[in-house]
Amino acid sequence: MHKVLLFPIAMLLRLLVLYWSLAWGEVAGKSVVEPVRYNLTILTHLAGGGAQHRYEGIVSIDLAVKKATRKFHLRAFDMKLFLHKTWLVRWASGKRINVIAMKRKPISNRRVLLIVKDNLHAGEAYTLHMFFTGELNSSQRNGYFSGHYDRTPQVFYALTRLEPDYAHTVFPCFDLAKFRTPFNVTLVHHERFVALSNMPAIRETPHAEMADFVWTTFMQTPPMATYQVMWALHQLDKVATGLTASGEMVNVWARPKMKEKLAQVANLTPSLLSSFESLFGYPLRRDPDWGGKWDHLVLPDYTEVDSGKGLLVYGEDEVVDSRLQDMLAEQLARQWLGVMVATSDLDKLYVRDGINYYLAFQLAAMQNKTGHNMTHLLESRLEVMSYDSLPETKALSSNVKSQSPSNKMFRKHKIALITHMLKAAFGDKIFLEGLRGFFESYANTSASVDQLLEEWQRAARRRYQLPVAVALSTLMDTWLRQPGYPMLTVLRDDLNDKVTITQNRYQQNDMDVYSKDCWWLPVMYITESQKLAQVEWMGCQNKNKKDELTLTKVVHSNEWLLLNVDAAVPVRVLYDLHGWRLIADALVTQFTQIPELSRAQLVDDALGMAWVGQMHYNTTLNVIKYLANETSVLVWETALIHLEKLQSVMKMSTGYRVFKLFMHNLIVPNFKVTLQLLKTKAKSKESTVIMYRLACQYEVKECLADAQEKFKAAMGQKSISSIPEGVQEMVLCKGIRHGVEDDWLMVRNMFFEAKEEEEKAILLNSLSCTTEYWAMQKLFRWSLDRNKVPKALTLGLLAALMRTYLGYYMGHQFLTDNIGEILSRFSSNELKSILKPFVNAVTSKEELATLKSLLQKKLPSSMTSSINSMLDPATKRIIWRKFLYFDLLNAIRNNVQ
């Protein structure tokens with residue numbers, strides 16, 4: 001009975017869908033007309049006259065008619081269209097065909113149906129002309145928007161950010177990634193502005209009817225998707241120029257004061273492009289129609305980073321020596337994966353961005369900066385694994401349009417880790433072979449993420465590095481469509497000579513062993529006698545329960561077994577007690593027999609899982625006690641993230657003396673070598689810097705004496721240049737803490753006189769080490785005084801203040817008294833960073849309740865929903881102190897002689 005009723009209902013629904021598609025100019029999901037070329041002219045009124053911050057334009061779209069019709073649709077939103085200024089011209093006869101009606105589609109009013117007077121003939125070409133006007137969006141950084149910098153006078157600019165699908169909010173278009181067409185762009189603007197676009201400008205002519213306005217016409221682009229079109233109007237100077245190996249111009253536009261910092265950009269651009277061509281084995285186009293040129297637009301007070309063919313836009317804050325090259329490398333990688341091959345599945349643009357971020361690492365590794373590459377990977381891993389283990393974390397594929405900087409960064413970092421996982425499993429040669437095959441197959445077209453995965457899959461299977469049962473698209477889905485990452489539990493059965501590996505989602509709170517979450521991943525392992533990594537795959541073939549991986553006859557009972565070699569996969573690994581003991585013994589005996597990145601993961605896993613109660617501190621301290629001999633910066637930086645968290649709780653407890661004794665055992669052996677290196681006056685290595693700072697922080701006598709000596713010498717010279725780089729802040733801090741008022745005043749004067757931001761930050765943060773109430777009060781007041789402390793240094797100052805005993809006691813009252821002013825000065829994203837030092841200083845339930853009450857009363861409604869996640873670190877510290885404090889103390893007593 002029910003089946004009889006369901007059949008006609010299903011048929012009716014199909015007929016309704018077909019009718020609706022035909023009514024809107026679609027046939028089986030295909031457009032009846034397709035764009036062939038766009039001619040786009042935009043007149044922008046920016047900061048002048050009654051039409052201030054508006055634009056108007058006309059778009060002429062050459063169309064190919066696929067099926068005879070009198071109606072078709074395109075996309076247009078947030079702009080005015082005019083029926084009497086919309087018409088078509090038939091190429092065959094030159095006849096004008098009027099549009100007699102324009103209708104917006106119900107529900108989704110971004111689609112506009114055009115109904116024309118005469119039938120459009122299949123197989124013929126027409127040109128659609130449409131006039132439109134719109135507002136320059138200034139509140140959001142997408143579409144076509146305006147911005148400004150400086151106050152007297154304000155200096156305005158306007159630019160586009162059309163990715164992923166904002167082109168239809170700027171001009172009427174067929175806004176689908178599959179359509180790649182040439183664009184002829186002309187900008188009409190006031191002559192005070194410089195106009196840039198994807199292609200070189202071919203002429204600039206005065207406007208005959210508008211005084212002081214000009215026409216800037218650009219060379220026709222190669223076929224592009226609508227979201228790849230870019231243009232900008234600005235008033236900056238050309239501060240640097242260069243040439244690529246093939247003769248393409250590189251221009252850098254910025255304020256004159258940025259000239260020195262940006263001088264290297266004109267040289268870096270050709271160098272990075274050449275390096276990418278060598279890495280990929282696939283050059284960019286060089287023919288005359290490509291119109292090669294590279295404009296860098298460096299805007300003040302701009303926080304986004306965007307790039308497309310021929311144009312890169314970023315803010316002045318990105319121009320920092322330590323990260324400038326990486327940022328440029330990431331954006332130039334887009335010229336291959338993003339411009340040459342456009343992304344067809346716009347909901348997965350974040351995957352493309354993560355892969356490009358990873359490719360920037362690989363370029364650094366190719367340039368003999370392996371340590372730099374490893375540092376990036378480790379930083380990304382630590383950030384992702386901390387955030388992604390929270391219960392409220394969402395899948396990467398959810399809310400992909402979120403503009404939150406933290407969400408975008410998290411996605412990019414996690415995709416980079418997943419990409420690294422694939423490269424580690426296949427090897428460099430197969431990874432690059434698949435990438436090259438992708439460029440060869442899809443150059444100058446659009447392709448999906450799955451098509452890239454298919455190229456990698458083919459390359460891996462050709463060399464027998466990927467089982468037939470493992471499909472990379474399925475593997476990727478398990479990482480994109482569910483939050484978190486797995487914990488691998490390793491159980492050894494030496495009697496039966498086998499090892500069983502299972503997976504569960506790792507969470508900082510309440511591990512769910514019955515969870516059905518499951519990931520496909522490579523399991524890479526080595527043993528004491530087998531140092532060549534072996535690869536097995538585990539995943540989700542069994543629908544009723546997660547697969548187990550059983551390894552037989554891979555390790556002798558007295559040998560260590562190490563999983564996830566070189567931290568290749570974003571997972572945690574929990575060994576049984578026998579497994580941990582064998583690894584700990586190996587680290588103490590000869591730590592270099594275990595690879596560096598694997599040691600970093602062991603330290604991270606042991607300390608991280610102990611913090612949330614998933615490992616006993618006895619086992620954890622047994623694993624990390626070898627750090628007394630560790631020389632790797634990567635391993636120590638990993639350890640410090642966890643040890644500083646412990647220190648923030650322990651320093652406010654009676655057990656701090658015991659904790660300091662444990663830290664002395666880890667620090668002192670290495671510090672003796674550190675002190676000798678510093679006395680040679682050679683440039684300080686990172687490991688030397690870390691050990692010196694730790695030794696002084698935990699008051700090793702020799703370090704305090706050395707710091708005092710260096711401080712006196714610096715004060716005598718009224719300069720910190722005599723203090724080795726990297727330890728300057730610690731030396732100044734200890735000098736001020738144990739010095740007199742005149743010392744604090746001298747460092748203060750040096751801060752006001754310093755020109756470089758890095759030096760100012762060092763001097764300012766060291767001032768927070770004072771033990772004087774009046775001085776601490778001044779520093780808290782300065783944190784909100786832009787005439788004293790630049791906004792960029794505020795967060796560092798507050799963090800330094802709240803780390804001190806006096807700042808800890810004064811900080812909460814400062815926040816209560818000044819929360820209103822803080823809210824008015826900082827954006828929502830900045831607020832989270834500003835509040836972080838205060839959250840990190842919470843050590844009791846009473847303090848947490850007080851802070852939570854204050855935030856609930858004062859924070860804007862848009863932020864109240866995030867209060868719990870903001871306070872989560874404080875909640876975890878309180879839980880740790882209640883349940884695990886004595887576990888740590890007992891473990892220290894058991895491990896410290």
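Here are three short exercises on a predicted model, each with a worked solution.

**Exercise 1. Work out how the radius of gyration of the protein fits with that of a compact globule.**

Start with the chain: the protein has 897 residues, and for that number a compact globule would come out near 29 Å. Next, take the value for the model, which is 31 Å. The two agree, so the protein fits the compact globule rule. For a feel of the outline, the C-alpha trace spans about 95 × 75 × 60 Å along its principal axes.

**Exercise 2. Find which residues touch the most other members of the largest nonpolar core, and which helix gives it the largest share.**

First, the set itself: this core holds 228 residues. Within it, Leu262, Phe276, Phe439, Leu563 and Trp880 touch the most other members. Now the helix: helix 14 (residues 633–650) supplies the largest share, with 10 residues. Don't miss that another core of 47 residues lies apart from it, with Leu40 and Val112 among them. Then zoom in on Leu262: leaving out residues up to four places away in sequence, Leu262 touches Val239, Ala240, Val252, Ala254, Val298, Tyr314 and Val319.

**Exercise 3. Say what share of the residues is buried, and what share of the accessible surface belongs to carbon and sulfur atoms.**

Buried here means under 20% relative accessible area. By that cut-off, 56% of the 897 residues are buried. Turning to the outside, the accessible surface is about 39900 Å², and carbon and sulfur atoms hold 52% of that. To finish with charge, count 107 positive and 90 negative side chains, with the centres of the two sets 5 Å apart.

Definitions and conventions:
Residues are numbered from 1 along each chain as its sequence is written. This is a predicted model: local features need pLDDT of at least 70, side-chain atom pairs count only at pLDDT 80 or more; totals for chains, interfaces and linings use all residues. Side-chain values use heavy atoms; hydrogens and water are left out. A nonpolar core is a set of buried Ala, Val, Leu, Ile, Met, Phe, Trp, Tyr and Cys residues joined through side-chain atoms within 4.5 Å. Buried means under 20% relative accessible area, exposed over 50%, partly exposed in between (1.4 Å probe, protein chains only). Helices (H or I, at least four residues) and strands (E, at least two) are DSSP runs, numbered from the N terminus. Contact means heavy atoms within 4.5 Å. The radius of gyration is taken over C-alpha atoms; the globule rule is 2.2 Å times the number of residues to the power 0.38. Accessible areas come from the Shrake-Rupley method with a 1.4 Å probe; for residues, only the protein chains shown count as cover. Lys and Arg count as positive and Asp and Glu as negative; His and the chain ends are not counted. The place of a charge is taken as NZ of Lys, CZ of Arg, CG of Asp or CD of Glu.
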